[in-house]
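Work through the exercises below with the sequence and the structure open beside you. Try each task before you read its solution.

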Amino acid sequence: MTPFFFGPTERRLYGVYHPPAPAQRTAQQVLLCPPFGQEAVRVQLLHRLLADQLARQGIHVMRFDYHGTGESAGADADATLTEWCDDILTAHDELSRRTRAHSTTWLGSRLGGTLAMMASSMGKGTPERIVLWEPILDGPRYLHELGKAHAQHSFSPFIHAQRPAEQVKDEVLGFAVSETWIRQLQAVGAAQLNPTCAEVCVHIASQEGAVTLGLAKRLQARGVAWQHLNTPTRIDWFQEEARGSTVAPPELLRLLAFAATGAAA
């Protein structure tokens with residue numbers, strides 16, 4: 001794998017390119033779009049293992065950090081969802097420049113899946129497949145869950161006289177967020193998501209709820225193919241520092257690899 005920086009000088013992004021095994025080289029490429037905050041910490045190992053697995057199958061793979069996160073330049077408090085969508089498009093262009101691949105998959109985890117859908121509708125890049133692992137389809141509900149988790153994990157009866165309010169203000173479990181970031185997340189909803197892809201959107205979750213079914217039905221009416229893949233893996237996403245745990249069960253890796261390529265590992 002090859003770590004590097006890319007993007008404009010004023011907005012340098014960090015990426016890691018996993019080249020395909022020479023004997024298995026294909027014309028496929030996969031861009032991994034990470035989630036937010038502690039969720040990104042939890043899936044970091046899984047994304048690396050998934051990238052390695054796909055590369056062994058002959059697929060070009062790239063991981064990256066959004067502006068203001070991870071190893072990329074910028075402060076987390078300055079980040080916005082709109083700019084993170086632009087980062088996906090920038091990463092897509094960089095991967096395509098390196099590979100000349102003919103088939104592209106964007107695989108987004110949690111908020112990364114939501115951002116992938118939003119970026120695909122901006123008319124600047126259309127992947128063949130978009131894989132959505134438990135995407136955020138209800139921004140206000142997600143904000144409430146983040147605020148509740150932050151209040152729970154930041155409260156100590158030995159330090160605080162009362163439990164803090166369960167409302168996201170400027171920080172979530174150690175990660176700063178801006179007013180613009182919060183406002184844009186509040187506007188996220190299934191009815192506002194209009195992903196564009198040439199082949200199929202693949203949804204991965206332990207269940208397909210009413211909101212997801214509604215999104216699938218609306219997209220299918222527009223001619224966008226939709227597939228749901230069930231996973232037995234259930235994850236408590238709202239843990240600070242993830243209690244030292246990471247997420248990388250083998251069965252989930254196989255499912256994600258299949259969803260990204262349409263072929264069994």
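**Exercise 1.** Find the loop that holds leucine 173, and decide whether this residue is buried or exposed.

Solution. Start with the place in the chain: leucine 173 lies in the loop between strand 7 (171-172) and strand 8 (175-176). Bear in mind that the model is a predicted one. Next, look at the backbone, where leucine 173 has a positive phi of about 50° although it is not a glycine. Finally, take the accessibility: buried means under 20% relative accessible area, and leucine 173, at 5% relative accessibility, therefore counts as buried.

**Exercise 2.** Repeat the steps for arginine 100, and state whether it is buried or exposed.

Solution. Arginine 100 is placed in the loop between helix 2 and strand 5. Its phi is near 60°, again a positive value in a residue other than glycine. For the last step the cut-off for an exposed residue is over 50%, and arginine 100 has a relative accessible area of 64%, so it is exposed.

**Exercise 3.** Write down the order of the strands in the open sheet of 8 strands, and identify which strands stand at its edges.

Solution. Reading across the open sheet, the 8 strands follow the order 1-2-4-3-5-6-9-10, and their pairing is mixed. The edges are held by strand 1 (2-6) and strand 10 (226-230), each of which has a single partner strand, so that one side of each is left without a neighbour in the sheet. As a further step, consider the twist: neighbouring strands of this sheet are turned by 20° against each other on average, when direction is ignored.

**Exercise 4.** Describe how strand 3 is joined to strand 5 and to strand 4, and follow the chain from strand 3 to strand 4.

Solution. Begin with strand 3 itself, which is mostly covered, since 5 of its 6 residues are buried. Strand 3 and strand 5 run parallel and are joined by 6 bridges, and within this pairing valine 30 has threonine 105 of strand 5 as its bridge partner. Strand 3 also runs parallel to strand 4 (residues 60-64), with 4 bridges between them, and here valine 30 stands opposite valine 61. To go from strand 3 to strand 4 the chain passes through helix 1 (residues 38-56), and this β-α-β crossover is right-handed.

**Exercise 5.** Determine how many residues of strand 6 are buried, which way they point, and which strands are joined to strand 6.

Solution. Count the buried residues: 5 of the 5 residues of strand 6 are buried, so the strand is largely enclosed by the rest of the structure. Then sort them by direction, which puts Arg129, Val131 and Trp133 one way and Ile130 and Leu132 the other way. Turning to the pairing, strand 6 runs parallel to strand 9 (residues 200-205) through 5 bridges, with arginine 129 and valine 200 as bridge partners. Strand 6 is likewise joined to strand 5 by 5 bridges, and these two strands run parallel; serine 109 stands opposite tryptophan 133 there. Between strand 5 and strand 6 the chain crosses through helix 3, and this β-α-β crossover is right-handed.

**Exercise 6.** Work out how covered helix 3 is, and list the elements that its buried residues pack against.

Solution. Helix 3 (residues 111-120) is mostly covered, with 9 of its 10 residues buried; among these are Leu111, Leu115 and Met117. The buried residues pack against strand 3 (28-33), helix 2 (81-99), strand 5 (103-109), strand 6 (129-133), helix 5 (179-186) and helix 6 (210-221).

**Exercise 7.** Characterise the crossing of helix 2 and helix 5, and name the residues that make the contact.

Solution. First take the axes, which come within 8 Å and cross at roughly 80°. Angles of 65 to 115 degrees count as roughly perpendicular, and helix 2 is therefore roughly perpendicular to helix 5. The contact is made by Leu81, Thr82 and Trp84 on the side of helix 2, and by Trp181, Gln184 and Leu185 on the side of helix 5. Sorted by character, the residues of this contact divide into 4 nonpolar, 2 polar and no charged.

Definitions and conventions: Residues numbered from 1 in each chain as written. Predicted model: local features only at pLDDT ≥ 70, side-chain atom pairs only at ≥ 80, totals over all residues. Heavy atoms only, no water. Buried < 20%, exposed > 50% of the residue type's maximum accessible area, 1.4 Å probe, protein only. Contact = heavy atoms within 4.5 Å. Axes fitted to C-alpha atoms, helices over the stretch in contact; angles between N-to-C directions. Parallel < 35°, antiparallel > 145°, perpendicular 65-115°, else oblique. Nonpolar A, V, L, I, M, F, W, Y, C, P; charged D, E, K, R; others polar. Pairing = 2+ DSSP bridges. Right-handed = clockwise from strand over helix to strand, strands pointing away.
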